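Reader: I'm new to this one and would like a close look at its salt bridges. Could you walk me through them once the structure is up?

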Amino acid sequence: MSEALGIPIIGIAGAIGSGKSLASSALADLGWLVIDFDEEVRQALRRPDVRKCLVSWWGEGVLDHNGAIDHKNVASIVFNDRAQLTRLEKFIHPLVWCSAEDARQRARDVNAPGVVLDAPLLFESEADNECDAVLFVHASRETRLARLERTRGWSEGELDRRESRQLSPEEKKARSRFVLENEGDESAFRDAVGEVAAILMQEAGVSAEPTA
């Protein structure tokens with residue numbers, strides 16, 4: 001790899017249910033390191049100091065029967081109160097933040113040719129500033145709602161409620177360098193993601209095959 005030019009970092013954006021995880025999976029299959037911010041947050045919520053803080057804010061109702069943070073209980077609080085969501089984000093964000101320098105070092109540690117920042121609030125958290133490019137995954141509202149009803153049991157109202165707390169898909173799309181359609185042909189979509197990866201690696205002077 002060429003450390004002088006830098007390991008490419010791509011952020012994944014898209015409306016809820018568009019298939020961002022599929023894009024990340026396709027890049028992972030190409031050897032890219034995926035930094036999953038949802039998983040980073042889950043790990044942070046397991047920390048004793050984080051548990052203590054959240055209990056001090058919201059009481060023991062945020063714990064499950066094992067005494068661990070219950071993600072659903074926390075979500076029911078923050079998604080119904082913008083102030084509490086902002087409070088949580090300001091607390092958790094520094095614990096899971098990953099700068100471009102950190103991301104590239106993590107990639108070198110595992111010999112990955114590139115890094116994927118998979119953050120649900122990529123633009124809102126300003127994580128896009130750490131990326132060389134952002135890939136926007138697009139799917140129609142009808143397709144997204146059908147997926148969410150099937151995989152999460154969400155209603156249209158629930159989708160609207162969640163999306164109201166994010167930037168609009170149109171703004172995310174406008175701020176992204178690459179836009180790929182994901183309407184159901186998984187093979188074609190994965191191929192298109194691979195083409196994006198090849199462009200970024202070429203621009204960075206990185207070999208398509210990780211070196212030993």
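Which residue forms a salt bridge with arginine 106, and how far apart are the closest N and O atoms?

Author: Bear in mind that this is a predicted model. The partner you're after is glutamate 40, and the closest N and O atoms of the two residues are 3.2 Å apart. Arginine 106 belongs to helix H6 (residues 100-109) and glutamate 40 to helix H2 (residues 37-45), so this salt bridge ties together parts of the chain 66 residues apart in sequence. How open are the two ends? Arginine 106 has a relative accessible area of 33%, so it's partly exposed. Glutamate 40 comes out at 24%, which also makes it partly exposed.

That pair has company: searching the whole structure turns up 15 salt bridges. Take aspartate 29 and arginine 190, whose closest N and O atoms are 2.9 Å apart. Here the link reaches across 161 residues, from aspartate 29 in helix H1 to arginine 190 in helix H10. Aspartate 29 counts as exposed because its relative accessibility is 59%, and the cut-off for exposed is over 50%. Arginine 190, at 23%, is partly exposed.

It's worth looking at the two helices around that salt bridge. The axes of H1 (residues 20-29) and H10 (residues 186-204) come within 9 Å and cross at roughly 60°. That's why H1 and H10 are described as oblique to each other. The crossing of H1 past H10 is right-handed. On the H1 side, the contact is made by Leu22, Ala23, Ser25, Ala26, Leu27 and Asp29, while H10 brings in Glu186, Phe189, Arg190, Val193 and Ala197. Sort these contact residues by character and you get seven nonpolar, one polar and three charged. So both members of the aspartate–arginine salt bridge also turn up in the helix contact, as Asp29 and Arg190.

Now for one more pair: aspartate 160 forms a salt bridge with arginine 141, and their closest N and O atoms are 2.6 Å apart. Aspartate 160 is in helix H8 (residues 156-163) and arginine 141 in helix H7 (residues 141-151), with their positions 19 residues apart in the chain. Aspartate 160 is partly exposed, with 36% relative accessibility, and arginine 141 is partly exposed too, at 28%. These two residues are also part of a network of salt bridges that links Arg141, Arg144, Glu156, Asp160 and Glu163.

Notes. Residues numbered from 1 in each chain as written. Predicted model: local features only at pLDDT ≥ 70, side-chain atom pairs only at ≥ 80, totals over all residues. Heavy atoms only, no water. Axes fitted to C-alpha atoms, helices over the stretch in contact; angles between N-to-C directions. Helix = DSSP H or I, 4+ residues; strand = E, 2+ residues; numbered from the N terminus. Parallel < 35°, antiparallel > 145°, perpendicular 65-115°, else oblique. Left-handed = near helix turned anticlockwise from the far one by under 90°. Contact = heavy atoms within 4.5 Å. Nonpolar A, V, L, I, M, F, W, Y, C, P; charged D, E, K, R; others polar. Salt bridge = Lys/Arg side-chain N within 4 Å of Asp/Glu carboxyl O. Buried < 20%, exposed > 50% of the residue type's maximum accessible area, 1.4 Å probe, protein only.
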